[in-house]
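Got the viewer open? Here is a short tour, stop by stop, with something to select at each one.

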Amino acid sequence: MNTGVSERRVEHWTLGSPPTDYVLGHVRAVLADRIVEDALVAVRGGVIAAVEPHPPGLAADVDGQGLLCVPGLVDVHSDGLEKERLPRPGAELPLEFALLSFEGKLRAAAVTTVFHGAGFEESHGRGLARSVARAEQACAAVAAARAEGLVDHRILYRLDVRCPEGLAGLRRQLDPVPSTEPPVPSTAPTAAPRPTPALVSHEDHTPGQGQYADRAYYERYLVGTRGMSDPEAAQHVDELIEDRNGRLDVREEALAWLAGRAHAGRIRLLGHDPSSPEEIDELVVRGGAVAEFPTTVAAARAARERGLPVVMGAPNVLRGGSHNGNASGRELMAAGLVTALASDYLPSGLLAAAFALASDAVVDLAAAIRLVTAGAAEVADLPDRGRLAPGLRADLALIAAGPRWPVVRSVLRA
């Protein structure tokens, strides 16, 4: 078949990166509100130029053969790199290798933009391999990967608001000391793109509130993962609560600092695990823009009433419920309260959750795909991606819709 692709262009595609100009034909184009059957997607300069029905007889550079064409997925909360770096206790891998390895999993899941969680906290016995030093290392590695990776790697800065070391570390990261060196003259055009504020999530995982509102779930977690007896786990949680209650002044300082930067437009602030309408009101006053993983229906409803996007975890939707007794993503979806899904720790869960929602008739397929594309892009304040529309980045994925689960056939990043 004559596809009209030059020998050089074929070589370019083989290397895994599409040319800047091409026409993708005979696909089912998933738009924000509908699916266009037998469509073509024209790309010029790495930007979508047209999405329209494919006229009979018009040749395309690539025949999509009826596959679904969706925007590249945007993952606004991924802790997967953390797990890739430390796949089992005591078996830590080099960070740069872990990032490269994890990138393969992201592409296999059709993710073209990812926000890696960097936890600015000290674990203090919570069973997590998190520290300020590790967060700073992750930030540096992700910054380096952005220049050459096949995925747009970014950082979700996660702050434990009761951790003084975490607060100090995040301040260093987001408010660096100005350089004393004279500025280098720029040859760039004067009209620079609008900068995207840093994405920051503030959280308080003290047992008895938020994610572990029922401390019994955390105690069972300790029994199952750290081999504690029931009395040992209960005592450990008592000590943890007492320790963290002694740092309420740090919490107030952290929230005030975040509020100042949110109101100044220097960060886009996410409230992690809000559990009540009152917490949503406080988040809005603080300048918060997104409710991330609300733990109750009331909190999710209050967030939508205040105009905030609501993000839930794809694994929650796949499982049909929360692993620690909090709100079910399915329940919130059925109530129309969710605008985006995040992988949390499972990149492949994004598409799988979207297709499961469509298969179970919770929403139609276009609306389900929107949760992991346009809806997620809105959470991250990235208006240049997430939709098949002229003028946006040509981050595309070709998907085979199986009887139940989707299969990613190809990923084309602008």
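In which helix does Leu-318 lie? Select Leu-318 and you land in helix α11, which covers residues 314-319. Before going further, keep in mind that this is a predicted model.

**Stop 1: a nonpolar patch**

Keep Leu-318 selected and add Tyr-345, Leu-346 and Trp-405. Together these residues form a nonpolar patch on the surface, with about 350 Å² of accessible area. Leu-318 counts as partly exposed because its relative accessibility is 30%.

Now click on Trp-405, which is in the loop between β14 and β15 (406-412). With a relative accessible area of 45%, Trp-405 is partly exposed too. While you are there, draw a distance from Trp-405 to Phe-355: C-alpha to C-alpha they are 6.7 Å apart in space, and 50 residues apart in sequence.

**Stop 2: the largest cavity**

Time to go looking for empty space. Rolling a probe the size of a water molecule over the atoms shows where it is left. How many cavities of 30 Å³ or more turn up? The count comes to 2.

For the largest cavity, select Glu-82, Arg-85, Gly-117, Arg-134 and Ala-138, the residues of its lining that lie nearest its centre. The lining has 13 residues in total, and the space inside is about 140 Å³. Color by secondary structure and look for α2 (80-85), β7 (111-120) and α4 (132-146): each supplies at least two residues of this lining. Sorted by class, the lining has 6 nonpolar, 3 polar and 4 charged residues.

**Stop 3: the second largest cavity**

The second largest cavity has a volume of about 50 Å³. To find it, select some of its lining, including Val-30, Leu-31, Ala-32, Pro-71, Gly-386, Arg-387 and Leu-388. Which helix gives the most to this lining? That is α14 (residues 365-371), with 3 residues. By class you get 8 nonpolar, 2 polar and 2 charged residues around this cavity.

**Stop 4: salt bridges**

Side chains of opposite charge can pair when their charged atoms come close. Across the whole structure, a search finds 25 salt bridges. Here are some to pick out.

Start with Asp-152 and Arg-385, whose side chains meet in a salt bridge at 2.8 Å, N to O. Asp-152 is in strand β8 (residues 152-160) and Arg-385 is in the loop between α15 (374-379) and β14 (396-401), so this pair ties together parts that are 233 residues apart in sequence. Are these two buried or exposed? Both Asp-152 and Arg-385 are buried.

Next, select Glu-253 and Arg-171, a salt bridge at 2.9 Å, N to O. This pair links distant parts of the chain, with Glu-253 in helix α8 (residues 248-263) and Arg-171 in helix α5 (residues 164-174), 82 residues apart. Glu-253 counts as partly exposed at 39% relative accessibility, and Arg-171 counts as partly exposed at 29%.

Then move to Arg-266 and Asp-175, where the closest N and O atoms of the salt bridge are 2.7 Å apart. Here too the pair links distant parts of the chain: Arg-266 is in the loop between α8 and β10 (267-272), and Asp-175 is in the loop between α5 and β9 (198-203), 91 residues apart. Arg-266 has a relative accessible area of 45%, so it is partly exposed. Asp-175, at 23%, is also partly exposed.

To finish this stop, select Asp-79, Glu-82, Glu-121, Arg-130, Arg-158 and Glu-203 together, and you have a network of linked salt bridges. You have met Glu-82 already, among the residues nearest the centre of the largest cavity.

**Stop 5: two backbone oddities**

Which phi does Ala-110 have, positive or negative? Although Ala-110 is not a glycine, its phi is positive, about 70°. You will find Ala-110 in the loop between α3 (95-108) and β7. Ala-110 counts as buried because its relative accessibility is 0%.

Last selection: Asp-381. Asp-381 is not a glycine either, and its phi is also positive, about 60°. Look for Asp-381 in the loop between α15 and β14, where Arg-385 is placed as well. At 21% relative accessibility, Asp-381 counts as partly exposed, since buried means under 20%.

Key
Residues numbered from 1 in each chain as written. Predicted model: local features only at pLDDT ≥ 70, side-chain atom pairs only at ≥ 80, totals over all residues. Heavy atoms only, no water. Patch = residues over 30% accessible without salt bridge, like charges linked within 9 Å, V, L, I, M, F, W, Y side chains within 5 Å. Areas by Shrake-Rupley, 256 points an atom, 1.4 Å probe, with all protein chains shown as cover. Salt bridge = Lys/Arg side-chain N within 4 Å of Asp/Glu carboxyl O. Helix = DSSP H or I, 4+ residues; strand = E, 2+ residues; numbered from the N terminus. Buried < 20%, exposed > 50% of the residue type's maximum accessible area, 1.4 Å probe, protein only. 1 Å grid on protein atoms, 1.4 Å probe; cavity = no way out; pocket = protein on both sides within 12 Å on 5 of 7 lines; lining within 4 Å. Points joined across faces, edges and corners; volume = space filled by probe spheres on them. Nonpolar A, V, L, I, M, F, W, Y, C, P; charged D, E, K, R; others polar.
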